[in-house]
Amino acid sequence: MGIAIVLLVLLIVIVIVALSVKIVPQQKVGVVERLGKFNRLLTPGVNILVPIVDHVRVFHDLRIQQANVPPQTVITKDNVQVQIDTIIFYQIVAPDQATYGISDYVYGVRNITTATLRQIIGNMELDETLSGRERISSNIRLALDEATEKWGVRIERVEVLDIKPPGDIQEAMDKQMKAERNKRAIVLAAEAAKQDVILRAEGDKQSKILKAEGDKEARIREAEGLRQAQELEALGQAKAIEAVAAAEKVRIGLLRAAGLDENVLAYRSFEALAEIAKGPANKVFLPVSAVETLGSIGAIGEVFKAKSEK
């Protein structure tokens, strides 16, 4: 009987200890109520509770979590139905507010996202919707931040995963996109052909310019060569004349050194002319102005003979 009592007491102690000691893992937090009223938060590690009096209502995960919002069909400003799929990333920053501020904050986040999404898309046309994912995400996050601030939840990020227009609209858009691609291809081909013609014309122009410059340079060099040749020829002629003049000067000097002055030379010339005229077939015509000269030459001849006799 005593052993049974001891075992019973030991069991009661074990139960009390199990109810009193709570071990909370990292990034978890518990909301403790004492007699139905919020008391405190259980932090990671070992925590002691008062059995029966204290009660852990809920544990919250403090890591960033995600909530998928079911695909929503909304109508754009130009009356086109599109299906939008979004995802919300959030984090609990105030566990007590997340417990008592709203019954289900995930459900509340989804509803606010749906309502905000309808309002945003209703003010946008289809083309703006398809190209405005960043704008849609930013507006949804602003609307969620205003509401979740009182819930102890912080919205980290909102992502629009997919925007699906109706099938016929999608088909028309595909055709339009294909037409645009073909148009761009044609424009690029035309631009390439234009550039090719321009480059060819530019190359032909440069070729003609270079050829003209080459011809000009060749003519300049040819003219320069001709000028230099003429200068050299003129210089040669001048030197030749100078040499002849020098030789004539030397000859005259030698004649003077031999005692033959100009009068003697003239007399000798007329003697040679007389010898030529002696031939029966030779006739010599003298101008009238040469008669006086012949008289002087006769006198010179007499003087010359006298010198010879001496």
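# A guided tour of the predicted model

The protein chain contains 8 helices and 8 strands. The model is predicted, and every value below is computed from it.

**Whole chain.** Begin with the complete chain in a surface representation. Its accessible surface comes to about 22,200 Å², and carbon and sulfur atoms account for 59% of that area. Of the 310 residues, 21% are buried. If contacts are displayed for residue pairs at least 6 apart in sequence, 64% of them join residues at least 24 apart.

**Strand β2 and its partners.** Next, select residues 28-34, which form strand β2. This strand is mostly covered, with 5 of its 7 residues buried. Add residues 54-61, strand β5: the two strands run antiparallel and are joined by 7 bridges. Within this pairing, V31 of β2 stands opposite V58 in β5.

Now add residues 37-42, strand β3, which also runs antiparallel to β2 and is linked to it by 5 bridges. Here G30 has L42 in β3 as its bridge partner. The connection between β2 and β3 is a hairpin with 2 residues between the strands. Select L35 in that turn and inspect its backbone: phi is positive, at about 60°.

**Residue Q91.** Move to strand β7, residues 81-92, and select Q91 within it. Is Q91 buried or exposed? Its relative accessibility is 16%, and Q91 therefore counts as buried, the cut-off for burial being under 20%.

Two polar contacts of the Q91 side chain merit display. A polar atom of this side chain lies 3.0 Å from the backbone oxygen of L62. The side chains of Q91 and R154 are joined by a polar contact of 2.7 Å. To see the wider surroundings, show the residues in contact with Q91, leaving aside neighbours within four places in sequence: L62, R63 and I64, together with G152, V153, R154 and E156.

**Helix α3.** Finally, select residues 105-122, helix α3. How far apart are its end C-alpha atoms? The separation is 26 Å, which agrees with the 26 Å expected for 18 residues at 1.5 Å a residue.

At the start of the helix, display D104: one of its side-chain oxygens comes to within 3.2 Å of the backbone nitrogen of V106. V106 itself is among the buried residues of α3. To mark the covered part of the helix, colour Y105, V106, G108, V109, I112, T113, T114, T116, L117, I120 and I121, which are its buried residues.

Note on methods
Residues numbered from 1 in each chain as written. Predicted model: local features only at pLDDT ≥ 70, side-chain atom pairs only at ≥ 80, totals over all residues. Heavy atoms only, no water. Helix = DSSP H or I, 4+ residues; strand = E, 2+ residues; numbered from the N terminus. Buried < 20%, exposed > 50% of the residue type's maximum accessible area, 1.4 Å probe, protein only. Contact = heavy atoms within 4.5 Å. Areas by Shrake-Rupley, 256 points an atom, 1.4 Å probe, with all protein chains shown as cover. Polar contact = N/O pair within 3.5 Å; in protein donor to acceptor, adjacent residues only side chain to side chain. Pairing = 2+ DSSP bridges. Expected span 1.5 Å × (residues − 1).
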